[in-house]
Amino acid sequence: MLSVHDDARASDRPRIAIAATVYQQELVLRAVALDLANDPQWQALVHYDARLLGSTRSQAEAKRFFTAPSGQTDPAAELAATIAAFFELLPRAGEDDAPQCMFVARFAWLDAVLGFDPERLPRLACPNFERWRAGIGGRRLTLVFPEAFISSPASMFGHTLLRLDDGEERPELLGYAIDFSGEMGDDGVAEYLVKGFTGFYPGFFAVGPWYEKLERYADWENRDLWEYPLDLDPAEVEFIVKHLWELRGISFPYYFLDENCSYQLLGLLEVARPDARLRDEFPITVIPVDTVRALAAAGWVRDARYRPSPATKLRVDAAALSAPHRRLAREIARGLVAPGSEEVAALAPRERAIVLSVAYEALRFDFLSRTGDDAEARRRSRSILVARSQVGREVKGDPLAGSVPVPRLPPEQGHGTARVSLTGGWRDGDGYLEAGFRGALHDFMDPQDGHPRSSQVQVLDTRVRFIPESTHVRLEQLTVLDIVSLPPQSEFFRRVAWKASTGLSTRLVRESPRPAHRGFDPEPVFRTNGGAGLAFELGGRALAYGFGDATLDAGRALENDVSFGPGATAGVYVDLFADVARTHFFGGITRFAVGDRTTWIRGGIEQRVSVGRRTALQFRGQVNRQDGDEWYEAGMAASFYF
Amino acid sequence: MNRSSRSVARVLAILLVVVGVSFGAVGTATADDDIGCGVGTMVFEGKSGVGFKILGSFTNGITFQSISITFGLVNCGKSDTITAFTGANFDQLAANMATGEGETLAAFASLYDVAPADQAVFNSLVQDNFAVLFPSATTTAGEMLTNLQQLLREDARFRVYARS
């Protein structure tokens with residue numbers, strides 16, 4: 001017995017189908033004549049990968065994204081099948097919408113190019129799409145860049161997402177966030193890294209309330225946000241939103257390095273301007289800030305807006321207080337002084353408003369840093385806010401509104417992600433020439449503007465040295481990953497500084513007595529180092545730190561092939577003339593106690609001078625003492641960022 | 001059944017499926033039912049006080065709308081949207097109300113369709129009555145909204161904004 005579905009189809013077919021088939025063939029022929037399958041617009045809509053040489057393949061993984069069985073690899077077949085599918089009046093099995101209402105952007109474009117005759121190709125009403133479309137609105141898109149957050153591997157290089165606004169009438173906070181992210185489930189960091197690098201995770205586009213994203217990035221992760229309104233006209237935004245509907249529930253492979261959030265976001269934007277070919281600039285890796293640069297270079301970005309996180313605001317607002325007021329705010333936050341006390345009441349109204357506001361900011365920040373509920377914190381926060389509201393009779397508005405100055409440079413104008421350097425120097429009596437390449441991203445001796453103030457992330461820092469005297473070339477260093485976090489301590493911020501690094505390094509090893517030899521030989525070791533400590537800001541121009549750490553070296557030149565031990569490092573970075581020059585004084589001691597045993601003490605100075613935006617000169621000098629003997633090294637380098 | 005009623009029946013059956021299987025919360029749809037809404041009371045169970053939230057995970061792996069594009073809040077009626085917004089932004093809203101100014105408060109006022117000319121007075125009203133809106137440390141979002149309703153009804157100028 002035929003099901004209702006088949007029965008209806010069969011009886012409909014004689015009357016409607018023939019006419020449809022004829023017109024359908026006509027449309028397909030016209031599409032072929034115009035070579036629409038190879039049109040950049042079609043390629044962008046079906047996400048055919050423009051990077052693979054030879055064969056074409058769509059990056060979308062879900063079968064339902066294609067109307068043709070061979071749609072993933074055959075743009076022409078997909079185009080013909082899509083046109084045919086538009087004639088279907090009802091949803092396919094498992095779908096909520098007929099193909100016309102699923103592929104609204106494809107329909108809109110093909111209609112514009114081929115001019116569908118509504119008599120011969122009935123236009124369906126698409127209530128699901130229309131309702132969704134009316135709900136999220138959308139006349140303006142803004143690219144949002146939360147700055148790098150080194151506590152999470154996924155966020156270490158920043159992130160990009162979009163916000164959809166509906167013009168002047170709807171406040172930003174009621175807008176919708178659009179982003180692409182991988183479904184990682186509950187995987188831990190190690191699994192995340194492995195699966196993320198190999199494209200094991202599926203990624204999806206998602207739309208949600210903007211305020212949820214804002215709270216997560218700004219409040220929970222303490223990240224400053226940069227917002228870039230995109231220079232798209234309403235019709236282009238409309239088309240992007242239509243395409244977003246087509247991407248509902250469609251998975252793409254998520255590759256941490258290249259086809260990640262920022263890459264796919266560019267893919268979404270490219271459907272509005274397929275000739276822009278933004279992603280062509282990213283053959284290997286995609287670092288989020290570089291996609292912002294690409295959009296700026298292509299003229300999509302009008303200007304940058306800065307939104308400080310509550311943590312940044314607290315830091316600035318607290319620093320602006322006089323010392324007694326700062327102490328008072330801290331004590332109110334800790335519940336040592338009641339907001340309604342005489343001490344607070346004695347303040348002038350404006351001071352009182354500010355002190356109470358800072359106290360609340362501090363309390364909230366402190367609480368967000370801990371997990372769990374706290375009845376005492378709730379009680380305290382309410383009493384602070386009640387007191388603050390009472391000052392409203394005397395002080396109108398918020399004296400602290402807009403208190404955070406905009407950083408000198410937005411992220412896309414900071415130094416480039418990759419760095420090439422040439423060094424000439426001298427170590428332990430031997431002169432050397434060194435060429436270096438660092439894949440990403442930033443260290444404390446690079447120009448600081450446009451980058452997070454207190455962290456350093458380096459990936460694939462490679463140095464090759466040539467020693468003329470012995471015509472010897474060696475791989476001096478290949479740092480796989482090096483991360484340092486130096487959050488400055490203050491009364492309101494008590495965070496631990498930490499560092500972790502691993503990679504190939506060079507260690508000077510004392511060789512067994514060889515009469516002609518000077519005493520030390522540089523040998524390769526695989527070095528892993530980790531530590532914790534504290535950092536302090538001094539007078540706004542200097543950042544001092546101290547670490548306790550442990551170092552593990554592995555290498556054949558070492559006794560027992562291994563060397564491990566605790567150590568300590570300390571230093572201070574001093575800034576001169578804004579970001580033009582930075583000096584670093586440092587010292588350290590490592591007591592290798594296991595395996596190859598030795599004590600290595602060092603101290604030195606580094607100096608960087610910026611020359612324009614893309615170039616810097618560096619000097620480094622270091623004194624070392626090991627096993628009772630000393631050696632010295634010094635070098636001058638020129639670095640180029642791109 | 002003849003051909004056309006079969007088609008109608010089929011379309012209706014599909015619509016019912018769409019209503020039933022909506023993204024986001026299911027089941028507690030409010031009386032002015034929009035498909036897929038159901039945010040209403042569910043979101044704020046267990047949360048109280050000038051709120052502090054439990055920290056979430058730190059990886060970008062958390063997607064807020066797990067599989068796909070949300071139907072959710074898009075289809076909610078005004079009341080549910082206000083409730084959802086208030087609950088999700090509770091502490092920011094409280095802080096703004098205490099200060100008498102701020103982005104969250106402005107967005108909240110726009111959800112109440114407060115006219116631009118009335119904005120400043122609305123801000124002052126909530127600031128002056130902060131202790132009434134948040135009578136205790138465990139005031140919930142729903143309770144605050146109820147208190148606000150009462151406040152608006154009692155004010156001649158703002159009575160028009162009070163929602164039933």
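Student: In this predicted model, which residue of E7(A) does A:Glu227 stand opposite?

Tutor: Strand E5, residues 225-229 of chain A, pairs with E7(A) in the antiparallel sense, and the pairing runs over three bridges. Within E7(A), the residue that A:Glu227 stands opposite is A:Arg305.

Student: What is the order of the strands in the open sheet of chain A that has seven strands?

Tutor: Strand E6 (252-254) and strand E7 (305-307) of chain A are the edge strands, since each of them pairs on one side only. The twist from one strand to the next averages 35 degrees. With antiparallel pairing, the open sheet of chain A has the order E6-E4-E3-E2-E1-E5-E7.

Student: What angle does the direction of helix H9 of chain A make with that of E1(A)?

Tutor: Helix H9, residues 234-246 of chain A, packs on the sheet and touches strands E1 (140-146), E2 (161-165), E3 (176-182) and E4 (201-209) of chain A. Helix H11, residues 288-297 of chain A, lies across E1 and E5 of chain A and runs at about 145 degrees to E1(A). For helix H9 of chain A, the angle with the direction of E1(A) is about 70 degrees.

Student: Which residues have the most contacts inside the largest nonpolar core?

Tutor: The largest nonpolar core has 88 residues, and in soluble globular proteins nonpolar side chains tend to be buried together. Looking beyond residues up to four places away in sequence, A:Leu110 touches A:Leu36, A:Trp42, A:Leu79, A:Thr82, A:Ile83, A:Phe86, A:Gly115 and A:Phe116. The residues with the most contacts inside this core are A:Leu110, A:Leu141 and A:Leu230.

Student: How many residues does the other core have, the one that lies apart from the largest?

Tutor: Among the residues of this other core are A:Val144, A:Tyr211 and A:Ala333, together with B:Tyr161. The number of residues in that core is 74.

Student: Along strand E8 of chain A, which side chains point to the face where they are buried?

Tutor: The side chains of strand E8, residues 419-427 of chain A, alternate between two faces. A:Val420, A:Leu422, A:Gly424 and A:Trp426 point to the face where they are not buried. Pointing to the other face, and buried there, are A:Arg419, A:Ser421, A:Thr423, A:Gly425 and A:Arg427.

Student: Which residue of E21(A) does A:Trp426 stand opposite?

Tutor: E8(A) is joined to E9(A), with which it runs antiparallel, by nine bridges, and in E9(A) the bridge partner of A:Ser421 is A:Gly436. E8(A) also pairs in the antiparallel sense with strand E21, residues 629-641 of chain A, over nine bridges. In E21(A), the residue opposite A:Trp426 is A:Ala634.

Student: What is the bridge partner of A:Arg465 in E11(A)?

Tutor: Strand E9 (residues 430-442) and strand E10 (residues 455-467) of chain A run antiparallel and are joined by nine bridges, and the partner of A:Glu434 in E10(A) is A:Arg465. E10(A) pairs in turn with strand E11, residues 472-485 of chain A, in the antiparallel sense over 12 bridges. In E11(A), the bridge partner of A:Arg465 is A:Arg474.

Student: What is the omega of the peptide bond from A:Ala440 to A:Leu441?

Tutor: Most residues other than glycine have a negative phi, and most peptide bonds are trans. A:Leu441 lies in strand E9 of chain A, and the peptide bond that leads to A:Leu441 from A:Ala440 is cis, with omega near 15 degrees.

Student: What is the phi of A:Asp561?

Tutor: A:Asp561 lies in the loop between strand E15 (542-554) and strand E16 (562-576) of chain A. With a relative accessible area of 43%, A:Asp561 is partly exposed. Although A:Asp561 is not a glycine, its phi is positive, at about 65 degrees.

Student: Where in chain B is confidence lowest?

Tutor: Chain B has a mean pLDDT of 65, and 53% of its residues reach 70 or more. Over residues 1-36 of chain B pLDDT stays under 50, and where pLDDT is low, the predicted coordinates should not be read in detail. Confidence in chain B is highest in helix H6 (residues 130-133), at a mean of 94, and lowest, at a mean of 42, in helix H1 (residues 3-20) of chain B.

Conventions. Residues numbered from 1 in each chain as written. Chains lettered and ligands numbered in written order. Predicted model: local features only at pLDDT ≥ 70, side-chain atom pairs only at ≥ 80, totals over all residues. Heavy atoms only, no water. pLDDT = per-residue confidence, 0-100. Helix = DSSP H or I, 4+ residues; strand = E, 2+ residues; numbered from the N terminus. Contact = heavy atoms within 4.5 Å. Pairing = 2+ DSSP bridges. Axes fitted to C-alpha atoms, helices over the stretch in contact; angles between N-to-C directions. Core = buried A, V, L, I, M, F, W, Y, C linked by side-chain atoms within 4.5 Å. Buried < 20%, exposed > 50% of the residue type's maximum accessible area, 1.4 Å probe, protein only.
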